[in-house]
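Work through the exercises below with the sequence and the model open. Each task is followed by a solution in steps.

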Protein chains: 2
Amino acid sequence: MPETKIPYKIYLDESEIPTKWYNVRADMKNKPAPLLNPATLRPMTAQDLAPVFCDELVAQELNDTDAYIDIPEEIVNFYKMYRPSPLIRAYFLEKALGTPAKIYYKFEGNNTSGSHKLNSAIAQAYYAKKQGLKGVTTETGAGQWGTALSMACSYFDLDCKVFMVKVSYEQKPFRREVMRTYGASVTPSPSETTEVGRKILAEHPGTTGSLGCAISEAVEVAVHTEGYRYVLGSVLNQVLLHQSVIGLEAKTALEKYNIKPDIIIGCAGGGSNLGGLISPFMGEKLRGEADYRIVAVEPASCPSFTRGKFAYDFCDTGMVCPLAKMYTLGSGFIPSANHAGGLRYHGMSSTLSQLYHDGLMEAVSVEQTSVFEAAEQFARVEGILPAPESSHAIRVAMDEALKCKETGEEKTILFGLTGTGYFDMVAYQKYNDGQMTDYVPTDEDLAKGFAGLPDINL
Amino acid sequence: MPETKIPYKIYLDESEIPTKWYNVRADMKNKPAPLLNPATLRPMTAQDLAPVFCDELVAQELNDTDAYIDIPEEIVNFYKMYRPSPLIRAYFLEKALGTPAKIYYKFEGNNTSGSHKLNSAIAQAYYAKKQGLKGVTTETGAGQWGTALSMACSYFDLDCKVFMVKVSYEQKPFRREVMRTYGASVTPSPSETTEVGRKILAEHPGTTGSLGCAISEAVEVAVHTEGYRYVLGSVLNQVLLHQSVIGLEAKTALEKYNIKPDIIIGCAGGGSNLGGLISPFMGEKLRGEADYRIVAVEPASCPSFTRGKFAYDFCDTGMVCPLAKMYTLGSGFIPSANHAGGLRYHGMSSTLSQLYHDGLMEAVSVEQTSVFEAAEQFARVEGILPAPESSHAIRVAMDEALKCKETGEEKTILFGLTGTGYFDMVAYQKYNDGQMTDYVPTDEDLAKGFAGLPDINL
């Protein structure tokens with residue numbers, strides 16, 4: 001087939017929004033290790049998980065056999081508000097870099113939450129509503145997940161209680177107002193409103209908070225409040241499942257033009273975007289139908305893949321959640337205070353951890369000043385001001401494209417542009433003022449986190 | 001033709017981006033009155049305008065005979081970054097209101113400037129670059145225009161100096177950072193950096209600024225700096241011309257589904273969005289080919305159409321600009337300090353003023369608490385957090401849809417959703433906290449502004 005002139009933005013029809021999520025675990029030979037009950041150290045059952053998560057989400061969490069799971073019609077309808085998201089050919093960036101590489105990005109920022117998080121938020125809110133719950137609790141770091149969940153809860157008239165990592169709460173007052181506009185309540189974490197929050201504050205006065213800590217608080221409130229459950233925006237199998245819409249749409253759009261990516265790049269904090277973007281491509285790779293280089297990009301200041309241990313660990317700082325086997329820096333790890341964006345979780349999705357452990361994907365870490373440099377260049381030529389998190393993927397996509405410039409290779413690069421940086425202007429200001437610094441934890445820093453890993457790994 | 005099921009979002013192909021702007025003045029029997037030279041009170045010639053505007057833009061400003069003007073290829077290419085913009089069927093809003101009306105909105109907020117302003121910014125930057133200029137100066141109120149121009153100037157490597165109305169500068173620090181990220185310099189207006197700024201500060205110490213005042217400062221700097229010209233984001237004929245892409249795309253999208261709007265609604269400050277949205281529809285109306293109800297919506301606190309005088313007035317507070325015949329509150333008019341959004345210009349596009357004067361369109365004014373009420377409801381059901389300015393149109397679209405609910409009429413309503421409110425969270429916070437107030441100027445307030453109208457009107 002002759003190469004068709006590819007438009008700047010490939011939009012699918014609404015009828016092409018996926019009606020089934022793809023569950024990559026079904027195609028994995030080595031399944032991700034099960035969650036463990038922290039009391040018994042035995043695999044969590046549906047019954048164990050029921051007080052924390054909605055029943056249908058528990059079923060999705062534990063399902064590693066069905067490759068496809070139907071998306072309820074009401075969720076597909078909601079998706080139509082902002083999906084299909086565009087797959088954009090980065091013609092302007094290619095020209096600016098002078099690269100023979102062909103760069104595509106799947107842009108998930110064209111909705112008010114500003115990121116891909118809405119894909120899972122609406123699913124989780126839907127199942128909570130279906131189960132007749134009154135509300136949900138959650139944590140948020142950079143704020144995209146909390147905003148997404150607020151929007152989803154408002155749509156289904158559910159109460160929404162958000163614990164926001166304190167450093168983000170302070171740096172992003174306007175994120176809070178968006179959540180409030182959608183009817184959510186927002187509490188900076190660690191807070192005095194929970195037992196675990198009070199404990200952490202007593203042990204670490206002046207802490208700027210962490211996702212692991214905010215999770216503990218949200219779980220505590222969910223478990224102790226009638227008619228509430230806890231929902232999480234990343235890390236979990238169910239979240240990766242919901243986020244598969246990103247990869248499914250991207251693959252459909254590429255196939256329309258007969259394009260096969262050589263390299264697929266995504267930023268990784270807990271793994272929701274990366275896991276969603278790569279899932280159908282990884283499926284082909286697992287089934288031996290195709291091969292791709294798949295690259296996770298993480299901050300050098302929170303390097304779970306590249307410097308963490310593959311071990312069972314607590315998912316939260318308060319150690320009230322189940323244990324997951326994953327690449328982790330230890331549940332007590334908190335990134336240094338100068339870390340500007342999200343991607344600050346101490347662990348990583350079990351599914352992605354297993355895939356990485358099995359050599360099916362790579363990981364690199366990058367420092368934040370070089371990330372903001374890439375973000376600024378991208379903003380100026382592509383016209384989208386990216387979120388700091390997404391800019392980790394931009395950095396590496398640009399690096400790969402520059403390698404192609406040296407070698408003359410016309411590689412096709414696909415990366416995930418998870419969201420916009422409109423609520424990250426404090427970080428951009430720091431960069432604009434030349435005040436941004438990097439920090440790479442020393443081995444001693446990391447040793448402290450590892451010291452807190454549970455004995456089960458011995 | 002049987003009614004096709006209409007998608008939530010109608011996206012045109014990139015090949016359907018207009019390649020010609022439509023100049024509504026060509027079809028007007030009563031042409032807008034010419035700009036007058038403030039020194040001679042004679043119509044401004046191209047020569048008079050050349051020190052202020054680029055040559056090609058001067059030609060566009062004065063051209064009231066050519067119905068179509070070619071869009072240079074480089075501008076069409078830039079448009080592909082973010083255009084065609086979607087035409088959205090407000091199914092969720094219709095359902096929430098329980099109206100038989102069919103509501104469509106043309107959404108111009110899916111770009112980093114957050115509004116339609118980029119449509120004219122890129123055109124003005126292009127012609128400035130083509131003329132070999134070093135840079136441009138401008139004013140910005142709510143901040144969308146300044147951001148749009150920063151993006152456009154960055155693309156063409158032009159220097160960009162922005163005077164930002166002081167109240168917005170203070171309420172929107174992050175807007176400034178977006179502009180800086182795109183390489184612009186931003187000065188709060190009135191400032192001590194210009195003669196006219198110092199004069200205004202001396203006369204009105206503590207003023208929160210106005211667009212008219214920021215214009216005077218920007219013009220002063222442009223005229224006195226080698227290689228610079230002034231650009232304006234609204235009011236002018238050239239801007240309405242560039243913004244015609246909004247209406248042209250909307251009309252093409254509607255025609256694909258055989259839809260003819262009954263009512264077309266847009267917010268109006270200087271008139272750029274409204275003028276652009278309605279232009280091709282107004283063209284049909286002027287040529288007697290179709291009829292539409294066309295409604296301008298303005299803030300009750302800055303009611304140039306509904307309570308202003310149709311008279312020659314200065315376009316700026318400092319009275320350094322040409323005089324325009326328009327609906328005006330007087331160039332000294334400054335909206336009360338509790339006015340939260342944009343739409344704070346004292347006058348109105350000459351073209352729209354003439355059309356309104358000739359009875360070809362209507363105007364209504366609305367108070368801001370009712371505007372934010374509409375904005376919140378819209379955000380919750382349609383998933384887009386709208387700009388305060390755009391929400392004026394939402395308010396009236398909802399009111400019209402609710403009238404249909406009473407009468408049972410299935411009217412088709414089209415409105416312009418000019419942008420997003422991500423940088424307006426201070427105003428939303430005020431609303432969320434129940435602190436937002438309304439202010440409608442008294443006749444005495446308005447009389448003060450009218451007292452400053454130039455003698456030429458006598």
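**Exercise 1: Backbone outliers in chain B**

Asp157(B) lies in the loop between α6 (144-156) and β7 (159-165) of chain B. The model is a predicted one.

Task: Give the sign of phi for Asp157(B) and for Val235(B), then decide whether each residue is buried or exposed.

Solution.
Step 1. Phi of Asp157(B) is near 55°, a positive value in a residue that is not glycine.
Step 2. Asp157(B) has a relative accessibility of 65%, so it counts as exposed; the cut-off for exposed is over 50%.
Step 3. Val235(B), also not a glycine, has a positive phi of about 70°. Its place is the loop between β9 (228-230) and α11 (237-256) of chain B.
Step 4. Val235(B) has a relative accessibility of 10%, so it counts as buried; the cut-off for buried is under 20%.

**Exercise 2: Cis peptide bonds**

Task: Locate the cis bond that leads into Pro190(A) and the one that leads into Pro84(B).

Solution.
Step 1. In chain A, Ser189(A) and Pro190(A) are joined by a cis peptide bond with omega of about 5°.
Step 2. Pro190(A) sits in the loop between β8 (185-189) and α9 (195-203) of chain A.
Step 3. In chain B, the bond from Arg83(B) to Pro84(B) is cis, and omega is near -5°.
Step 4. Pro84(B) belongs to the loop between α3 (73-79) and β4 (87-89) of chain B.

**Exercise 3: Aromatic pairs**

Task: Classify the pair Phe423(A) and Tyr422(B) by its geometry, then do the same for Tyr327(B) and Tyr356(B).

Solution.
Step 1. Over all chains, the structure holds 47 aromatic pairs.
Step 2. For Phe423(A) and Tyr422(B), the centres are 6.0 Å apart and the planes make an angle of 55°, which is a tilted pair.
Step 3. This pair crosses between chains: Phe423(A) is in the loop between β15 (412-417) and α17 (425-432) of chain A, and Tyr422(B) is in the loop between β15 (412-417) and α17 (425-432) of chain B.
Step 4. Phe423(A) is buried at a relative accessible area of 6%, and Tyr422(B) is buried at 8%.
Step 5. Tyr327(B) and Tyr356(B) are edge-to-face, with 5.0 Å between centres and 75° between planes.
Step 6. Tyr327(B) is in strand β13 (residues 323-328) and Tyr356(B) in helix α14 (residues 350-357) of chain B, so the pair ties together parts 29 residues apart in sequence. Both tyrosines, Tyr327(B) and Tyr356(B), are buried.

**Exercise 4: Charges over rings**

Task: Which ring lies under Lys260(A), and which under Lys309(B)?

Solution.
Step 1. Lys260(A) lies over the face of Tyr292(A), 4.6 Å from the ring centre.
Step 2. The charged end of Lys309(B) is over the ring of Phe450(B), at 4.5 Å from its centre.

**Exercise 5: The largest pocket**

Task: Describe the lining of the largest pocket by residue and by class.

Solution.
Step 1. The largest pocket has a volume of about 620 Å³.
Step 2. It is lined by 28 residues, and those nearest its centre are Lys9(A), Tyr11(A), Tyr11(B), Leu12(B) and Asp13(B).
Step 3. The elements that give two or more residues to this lining are β1 (9-10) of chain A and β1 (9-10) of chain B.
Step 4. By class, the lining has 15 nonpolar, 12 charged and one polar residue.

Terms used. Residues numbered from 1 in each chain as written. Chains lettered and ligands numbered in written order. Predicted model: local features only at pLDDT ≥ 70, side-chain atom pairs only at ≥ 80, totals over all residues. Heavy atoms only, no water. 1 Å grid on protein atoms, 1.4 Å probe; cavity = no way out; pocket = protein on both sides within 12 Å on 5 of 7 lines; lining within 4 Å. Points joined across faces, edges and corners; volume = space filled by probe spheres on them. Helix = DSSP H or I, 4+ residues; strand = E, 2+ residues; numbered from the N terminus. Nonpolar A, V, L, I, M, F, W, Y, C, P; charged D, E, K, R; others polar. Phe/Tyr/Trp six-rings, centres within 6.5 Å; stacked < 30°, edge-to-face > 60°. Buried < 20%, exposed > 50% of the residue type's maximum accessible area, 1.4 Å probe, protein only. Lys NZ or Arg CZ within 6 Å of the ring centre and 35° of its normal.
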